[in-house]
Amino acid sequence: MNQCLAPAEDGVITDDDGQTIAAILNAADLLAVTQSLTDHIARSLGACDVAITWRMPHGSEHSAPTPTIPLDADLLARAEALPGSLARSADRSAFALCIADGELAAQGLGAYVVARIDPGLDDATLASAFPAWLRTCVSSVLDKNNLRALVTRLDQSERLQHALFAIADMASSGMDMGDMLRRMHQIIASLMYAENIYIALYDKAADEIRFLLFVDTQDVALENISGVVTDSEQARLPMQRIKGGITWHLIHGRKALMGSTAQIASQVSGKLASLGSDCHDLLGVPMLAGNSVRGVIVVQSYTERKRYSEADKNLLAFVSSHVLTALDRKQAHQELERRVAERTHALTQEIHERERSERLQRTLFRIAELSSTAASADDFYSEVHCIISEWIDCRNFYIALISSDGEHLEFAYFVDEHEPTPAPRRLGRNITEYVLRTGKPLLADMSNAESYARIRQLHADGDLLGSPGDTRCWLGVPLICAERALGVLVVQSYADGTRYTARDQELLTFISYQIANGLERTRAAQSLQTAYAELEQRVAERTVELREQIAVREKIEQQLKHEVLHDALTGLPNRTYLREHLARVISRQQRDPKHQFAVLFLDLDRFKVINDSAGHLVGDALLKEVAQRFSACVRGDDVVARLGGDEFAIVMEGIHGSGDTIRLARRIVSALAEPVHINDKELFTATSIGIAIGGSDYQQPEQLLRDADIALYRAKANPRQRYELFDEQLNSEALHLLDLENELRLALARREFEPYFQPIVRLDDTSVVGYEALLRWHHPLRGVLAPGAFLSVAEASGILEAIDWQMFEMTVNAIPQLLSPNQYVNLNVSPQHFRSANLDTKLLALLRNNAVDPHQVHIEITEGALMDNPEQAIAIIERLRQAGVVTALDDFGTGYSSLSYLHRFALATVKIDRSFIIDLAPGVHGSGEPVVRAILALAQSVGLDVVAEGIETSDQHEALSSLGCVLGQGYRFARPQPLSVIQAARNKP
């Protein structure tokens with residue numbers, strides 16, 4: 001019901017009321033006011049679920065706080081229908097009321113209170129909670145909010161006025177177009193959100209659009225346009241290229257567009273093409289001059305934010321006309337400046353021509369003077385080179401002269417960026433001889449179509465056999481004196497940016513006559529000097545002979561000493577030299593404890609594979625290259641030594657903690673990241689590094705080398721780090737690994753390894769078709785161990801192959817008791833076995849000795865077995881297949897999973913890795929399902945069997961069956977068990 005609420009008696013304002021009044025009037029924002037009113041109502045009436053909805057001037061609304069239960073919309077509507085009246089629910093447990101004063105309440109403005117109260121609370125008590133001072137405070141809040149809105153609108157108007165004034169002022173300022181566009185961007189951004197903006201002008205005659213400004217956080221480049229665009233060719237796009245896009249619709253539709261991509265699609269006539277990233281909100285307006293569209297301004301956002309409003313659209317449309325005016329004025333100003341610059345350039349050219357003539361006269365005088373002042377012919381050529389370099393680019397320059405017998409061409413002076421001075425040659429039909437033969441200059445510009453065609457024609461006519469090679473531009477002029485060609489002066493360029501012109505040819509031809517005259521005079525002077533030089537040469541040669549005899553004896557002594565202390569292959573110090581050097585360093589450290597040093601122990605990864613597969617010559621060449629790279633990484637005082645094989649050591653002195661050694665280790669790792677090219681082979685290798693820091697505990701070089709070797713072993717176990725510092729933990733780990741290696745050798749001798757068998761079943765009826773033999777170690781103290789506990793140590797110590805062969809033997813012996821005639825067993829063969837070319841011979845001999853049918857034995861390999869020596873692996877697998885032993889590729893899908901494996905290698909089965917099986921379930925499209933489906937389709941197309949590994953649940957079983965997978969294995973069917981357990985299970989009644 002609705003009941004008019006009489007004004008409550010003001011009475012005496014209590015301390016709590018005073019605090020409420022102060023809280024409301026001093027509140028920083030509307031949320032704080034709401035909280036104060038909520039606290040007052042809850043305190044006065046014992047109300048709960050108090051919510052206040054504000055009806056503000058200018059249509060604004062705010063609601064707070066969000067009630068814990070839904071509001072009674074009907075109750076609130078009744079209070080809004082009769083402002084000032086109290087509305088209570090039918091059960092009187094809730095009420096709604098507008099708190100306002102006077103005219104505001106009559107307009108329906110104020111704070112609408114909705115709350116739940118005690119149904120027994122009468123209306124008079126309810127009215128007492130809303131005294132006149134409270135209504136006055138609420139009205140004051142509304143008035144204050146109205147004033148803030150007016151101030152905001154006034155501030156917006158002032159900012160717009162300042163923005164328009166700034167745009168108009170920029171057109172007449174000295175600011176260039178780029179700075180003006182950037183400033184326009186800042187001005188528009190001060191009026192609205194404009195982080196992403198572009199301004200473009202439309203050329204109706206050419207039907208193309210030119211982007212003057214393009215700033216976007218998502219589409220960072222539009223046809224290579226980004227930022228402020230100044231290159232007109234780069235910025236222009238035909239309208240056909242953007243047909244149907246937003247810019248195209250703005251120009252042809254002649255109206256503003258605003259909203260999301262979907263909303264804009266409904267605003268345009270025709271289809272909206274997607275030419276960039278979809279935006280959250282966009283506002284674009286055409287720039288109009290009369291009835292014609294001159295361009296567009298578009299702003300947009302890609303993130304969730306307040307959308308552009310009609311006010312923003314009207315504002316941007318208004319600003320766009322001022323932007324267009326400013327751009328027109330700036331372009332007109334630039335055109336005037338261009339014309340002034342052209343006239344200034346023409347006058348400057350006239351002045352330069354006069355100055356050039358004067359310089360040319362001075363140049364000819366200097367060349368003439370050189371013929372009498374140059375100390376030698378080489379000085380004459382060098383000075384001529386310097387003089388010509390003042391006129392043209394002659395970084396590549398040579399003077400070629402005809403020999404005294406007239407049969408050879410000698411290069412008297414040759415300066416070139418790429419080529420050494422050529423040896424004298426017989427006169428032929430090369431490009432230099434062509435200039436000599438014709439007595440005319442030749443300009444060969446490979447980037448000029450006409451010049452290039454001329455060179456090709458000379459080749460076709462047989463006048464020219466050679467070519468300028470890598471030269472991009474070649475200019476040669478004959479040196480003619482007394483109507484006789486003495487030689488040729490040539491300048492050339494290897495870069496497209498440096499070209500010679502007909503004007504350069506004219507200049508060089510003019511200068512060449514003076515050079516030829518000076519050259520003739522210089523030759524005469526040189527002949528006299530040569531006679532004196534020959535006499536001096538004879539004396540010097542005899543002196544040199546005597547010195548050489550002494551030097552040979554000294555060199556032999558040094559060579560003998562060097563060979564004793566250095567490696568013959570790499571030239572590095574050897575182990576003997578290193579031990580002596582380390583002994584000296586340790587002694588110095590004992591005398592001066594502040595003198596710190598370290599030893600780095602290095603060896604190459606996969607060197608044995610490279611050496612065995614590519615040959616020892618390639619291995620030796622690799623060691624030489626690695627030694628050079630190591631030497632290039634160290635400091636001048638560091639010593640790099642080769643200890644033997646692929647082991648190296650580095651001694652660093654004068655270090656300041658372990659940081660210096662780590663930085664060196666990183667440089668070495670980076671140096672070996674680049675491939676090594678040897679005999680057309682591209683080889684990759686890496687190094688593991690162990691580091692031991694010298695200290696007072698070390699008395700002998702062997703102690704340092706031992707600890708560095710321990711750290712090296714740790715580094716090899718951690719390929720991501722590549723280097724390791726020695727500490728006590730490493731020492732303990734090394735001792736542990738040594739113990740584990742000894743235990744493995746004892747286990748091999750005691751035959752503590754045993755195969756465990758996991759069945760491979762048909763998924764439709766779970767019948768067993770075969771088994772996979774899995775390695776287990778019966779450790780005398782730790783019980784049964786899986787391979788993960790010891791396999792890496794076995795591989796590193798070189799006994800993994802022996803363990804495998806023991807496993808093969810035990811598995812083959814178990815086949816008669818394990819398998820029925822139609823079943824098979826899978827043997828896991830590690831990649832190391834494929835390094836031996838007779839793997840198939842040994843395996844087939846084992847089967848013959850135990851009278852086992854080869855068709856009952858399959859081998860499982862990983863992709864690693866196919867990568868080191870693929871050709872040898874192909875041959876082994878093919879020979880096994882022909883004998884009846886087929887091959888399965890394990891863990892398919894986790895490595896390279898190259899299709900070439902299935903094509904090149906004679907595989908019979910692929911096994912899907914358990915990582916793709918985990919999330920399979922009927923009706924669930926997990927990440928593994930597409931992979932499994934693809935593998936099954938691929939295997940079916942090439943006739944391969946597929947086994948799914950790691951099936952543990954009935955959901956996985958059902959999902960694989962529905963996908964068409966026939967075979968599988970996993971804990972769902974059976975765990976790996978020894979032969980004795982399997983036999984016992986079979987014998988149960």
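Val857 touches Ile815, Val825, Leu827, Leu847, Val852, Gly884, Val885 and Val886, leaving aside residues up to four places away in sequence. The model is a predicted one. Val857 sits in strand β31, which covers residues 857-861. Its relative accessibility is 0%, so Val857 counts as buried, the cut-off being under 20%. Val285 is a distant point of reference: 572 residues separate Val857 from Val285 in sequence, and their C-alpha atoms are 77 Å apart in space.

**Helices α1 and α2**

How do the axes of α1 and α2 cross? Helix α1 spans residues 15-25 and helix α2 spans residues 30-45. Their axes come within 8 Å and cross at roughly 160 degrees. α1 and α2 are therefore roughly antiparallel to each other. The crossing of α1 past α2 is left-handed. From α1, the contact uses Asp16, Asp17, Thr20, Ala23 and Ile24. From α2, Val33, Ser36, Leu37, His40 and Arg43 take part. By class, the residues of this contact are 4 nonpolar, 3 polar and 3 charged. An α-helix has 3.6 residues a turn, so residues three or four places apart point the same way.

**Helix α9 and its surroundings**

Helix α9 runs over residues 246-253 and is mostly covered, with 6 of its 8 residues buried. The buried residues are Ile246, Thr247, Trp248, His249, Leu250 and Ile251. Which elements do they pack against? The strands are β7 (196-203), β8 (208-215), β11 (257-259), β12 (281-289) and β13 (292-301), and helix α10 (261-267) joins them. After α9 comes Arg254, with a positive phi near 60 degrees.

One of these packing partners, β7, is itself largely enclosed by the rest of the structure, because 7 of its 8 residues are buried. β7 pairs with β13 in the antiparallel sense, and β7 also pairs with β8 in the antiparallel sense. Ile197 has Val299 of β13 as its bridge partner. Tyr198 stands opposite Phe214 in β8. β7 and β8 form a hairpin with 4 residues between them. In that turn, Asp207 has a positive phi of about 50 degrees.

**The sheet of 5 strands**

An open sheet has 5 strands in the order β21-β22-β20-β25-β26, and its pairing is mixed. Which strands stand at the edges? They are β21 (639-644) and β26 (723-725). Each has a single partner strand, so one side of each is left without a neighbour in the sheet. From one strand to the next, the twist averages 20 degrees.

The edge strand β21 pairs with β22 (residues 647-653) in the antiparallel sense. Gly644 stands opposite Glu647 in β22. Helix α16 (residues 575-591) lies across β20 (597-605), β21 and β22. It runs at about 25 degrees to β22. Helix α20 (residues 701-717) also packs on the sheet. α20 touches β20, β25 (686-693) and β26, and its direction makes about 135 degrees with that of β25.

The strand pairs described above compare as follows.

| Strand pair | Sense | Bridges |
|---|---|---|
| β7 and β13 | antiparallel | 6 bridges |
| β7 and β8 | antiparallel | 7 bridges |
| β21 and β22 | antiparallel | 5 bridges |

Technical notes:
Residues numbered from 1 in each chain as written. Predicted model: local features only at pLDDT ≥ 70, side-chain atom pairs only at ≥ 80, totals over all residues. Heavy atoms only, no water. Axes fitted to C-alpha atoms, helices over the stretch in contact; angles between N-to-C directions. Helix = DSSP H or I, 4+ residues; strand = E, 2+ residues; numbered from the N terminus. Parallel < 35°, antiparallel > 145°, perpendicular 65-115°, else oblique. Left-handed = near helix turned anticlockwise from the far one by under 90°. Contact = heavy atoms within 4.5 Å. Nonpolar A, V, L, I, M, F, W, Y, C, P; charged D, E, K, R; others polar. Buried < 20%, exposed > 50% of the residue type's maximum accessible area, 1.4 Å probe, protein only. Pairing = 2+ DSSP bridges.
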